[in-house]
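Student: I would like a close look at a single part of this chain. Please keep it brisk, and then set that part in its wider context.

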Amino acid sequence: MKTLCWLAIGLLWAKCAMAQESDLVSAVPDSVEILRQQTLDRLLDLSSEQSGNSEILEQFNLLRLQKINLNTAGVSSLLSIPFLTALDVERILTYRKEKNGFKSVVELRKLIDEDTYELIEDFLTVGRIKTENLSQPSLLDDIERGVLWQRVTLDYIGRTLVESPLRVGFANGAYQGSAPRIYNRIQGVVSDNILLSMLAEKDVGERSLFDFTSLTLGVRDFYNLKSLVIGDFNLSFGQGLAVQSGRAFFKSPEAVVSVKQSLRQVRPYTSTTEQNFFRGAAAEVEFGALTLIGFYSRNLISGTVNDTAFSSLKLDGLFRTESEIARNRNIDELAFGARVQLNTELFENLFSIGGTFYQTRYDRPFIPSDDFFNRNRFRGDVASVAAFDIDYLFYQFNFFGEVAYCIEQRSVSWLAGVQTEFAKGLRGVIHLRNYAANYYSPRANAFSESSGGAQGRNERGVYLGAELKLSSELKLRAYYDYYEFPFIASNTVLPSSGNDMLMQLSYKPRRDILIETLLQIKTREEALTQLDALGREYRIATPQRTDRIRTDFIYQLSERLRLRTRAEVRHFTRELVAATRRDLGWLIAQDINLDLLESRLSIDARLAFFQTDSFDAAVYAFENDLPLTFTVYAHNGRGVRTFVNLRYRIFPQIELAARYANVFRDDVTTIGSGNERFPSNSPSTFSLGLRARF
């Protein structure tokens, strides 16, 4: 009943509704839809279970709301478009100068790779070229022409989720709040210059409907003011060694584009991740080739606190039990800084150089535990970071790099790389990284093997990635990554190393058929507690290896019906002292996507069978969800996983969405542990959503 009530409130609040586009796909040809869906699947091919808003979906949505004008965008704006390379940007700028601007976005098709064009065409628009007589912002131009109200868009999303049966945390009284997860967001866009976003969310088991709230006002391209954000915002400078909040791309089968950062330097924050964003104000101004950025943020973050210090941060954003609520927003974080960047030409090639300084202050010092693996960790209440980055296109070679210095730790981390297009259809990237064991930046999020809060620290590595279009039907993606961890971590007892090799072959014999096969071999070391002959415990470095092979067969059976069959096998090996442990996991899944009633009704469903010997061999798979959400589900044990998504466009301006998901395991009687445990071997989730636009 509560679910229906909140959906009704959402309907009344919106008062109008919006024609729903798919998160990455709109009404496009079948081949383009297949390309976009598979690209999203590759970019989110992460070995971690998660559900909810994704930074990548939010960035794509923001680019659709505020498209980039091909005729006025500068180098930084063009480089912020995902999938575009520096060489692509140079071709765009050269063409724009020679042809006196673009007359349509379609002209871009002959300048860049066909797949890249189809991925980004929704993010672009063509407007009038700014001259001395036409240099005012779109907002003022729309006012003068009397078309302002035609250039105002309101976008509302509301959704709610309930689980059945409820988790044990509700039965034992540990969870202090109600069962549904509830999300409401409204965004307004005025011309091309102004964005206002407001959202409120509560997770399962939390008390307040406004457990997390976010408000942001963004202004862009207003004379010399390139960006101004008041409220919540993300920053992305250089390659992320100093500042990178909200990184969307990580290491993935998209072996080339996922390495070099490509994000707007200052952008509104519109997601629901409750940590790692800024709250305050940031401004970016341009004076010809010179860009200046300044920001100030004061935010309350969550962690484990004692009377005088805090020892860890709480990053999951869940505040359901008394102990979790006690850690809710109990640390005051102040951050401020500035950046200077010069975008110019060097020997008639694109050249960018930038410098960043910022400082973070806490209201109490950070003091981690006395474990030996924390020997090099940052301690204190002030962290200052200075960084220098460079980006240079020399013919077809794009050199990029960054070096960052943590003043309090007196440590340096650096990375360097080159991305190139050797020939048409052949692209590659080389990435070197050397992150000091004692380096610390609260917002570091550089390319790395490590996850969590360790990006930019205690890692060395060499990454080689390539993408080769062998023919119009055949494309190969591959990477090799060698990494070392010079100092021990919480899960190691000695310095360790490993490597990660991946290859994916895409075969498209016809526009309506795509076959993709992925092969990955990954090795690493992890410390495990074992017993000697006398039964005494000791810790030892244990080599482990993961092999997986996956094949997708996608067939656009008709204009309305698409099928995808997936088969994946995962083999995990761990070299214990007494024996070698081998665990096997497999998954077979059948997807169906069906459009009915002249595409007003969309049905997206999956039936998956799986079996794994242990969680180490769990098979992860991306699942479509409600608008602007996704799920990466870890298939573990033996059972069946199903979900059905329904989207129905009631009017051209309104769409309702619903989702049912269930897992049935016949090898257990309950699923999960602690308060998270479901007292059933077949828990389900039910979701309802609304998206509206006027």
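What follows H7, and what is the sign of its phi?

Tutor: This is a predicted model, so read every value as computed from that prediction. Gly146 comes directly after H7. Its phi is positive, near 70°.

Now the helix itself. H7 spans residues 138-145. Its buried residues are Leu139, Asp141 and Asp142. They cover an arc of only 165° around the axis, and therefore sit on the same side of H7. What lies over them? The cover includes three strands: E5 (181-190), E6 (194-202) and E7 (212-222).

Compare helix H3, residues 55-65. H3 is mostly covered, with eleven of its eleven residues buried. Charged residues are among them: Glu55, Glu58 and Arg64 are buried in H3. So are Ile56, Leu57, Phe60, Leu62, Leu63 and Leu65. Gln59 and Asn61 complete the buried set of H3.

Next, the backbone. Most residues other than glycine have a negative phi, and most peptide bonds are trans. Three places in this chain deserve a check against that background.

Start with the peptide bond from Ser164 to Pro165. That bond is cis, with omega near -5°. Pro165 lies in the loop between strand E4 (152-164) and helix H8 (168-171).

Then take Arg410. Arg410 is not a glycine, yet its phi is positive, about 55°. Its loop runs between strand E17 (397-406) and strand E18 (411-423). Is the residue buried or exposed? Arg410 has 71% relative accessibility, so it counts as exposed.

Leu628 also has a positive phi, about 65°, and is not a glycine. Leu628 sits in the loop between strand E28 (619-624) and strand E29 (629-635). Its relative accessibility is 2%, so Leu628 counts as buried.

One more buried site is worth a look. Phe643 belongs to strand E30, residues 638-651. Its relative accessible area is 2%, so Phe643 is buried. Which residues touch it? Neighbours within four places in sequence are left aside here. Phe643 is then in contact with Asp604, Ala605, Arg606, Glu623, Asn624, Arg659, Tyr660 and Ala661. Phe686 makes a useful distance check. Phe643 and Phe686 are 43 residues apart in sequence, and their C-alpha atoms are 9.9 Å apart in space.

Finally, the whole chain. Its secondary structure comes to nine helices and 32 strands. The radius of gyration is 25 Å, close to the 26 Å of the globule rule for 694 residues, so the chain is as compact as a globular protein of that length. Along the principal axes, the C-alpha atoms fill a box of roughly 85 × 60 × 55 Å.

Burial and contacts come next. Buried residues make up 54% of the 694 residues. Take the contacts with a separation of 6 or more: residues 24 or more positions apart account for 62% of them.

The surface and the charges close the picture. The chain exposes about 29400 Å², and carbon and sulfur atoms supply 58% of that area. There are 81 positive and 84 negative charges. The mean positions of the two sets are 1 Å apart.

Note on methods: Residues numbered from 1 in each chain as written. Predicted model: local features only at pLDDT ≥ 70, side-chain atom pairs only at ≥ 80, totals over all residues. Heavy atoms only, no water. Buried < 20%, exposed > 50% of the residue type's maximum accessible area, 1.4 Å probe, protein only. Helix = DSSP H or I, 4+ residues; strand = E, 2+ residues; numbered from the N terminus. Arc of directions from axis to C-beta. Contact = heavy atoms within 4.5 Å. Rg over C-alpha atoms; globule rule 2.2 N^0.38 Å. Areas by Shrake-Rupley, 256 points an atom, 1.4 Å probe, with all protein chains shown as cover. Lys, Arg positive; Asp, Glu negative; His and termini not counted. Charge placed at Lys NZ, Arg CZ, Asp CG, Glu CD.
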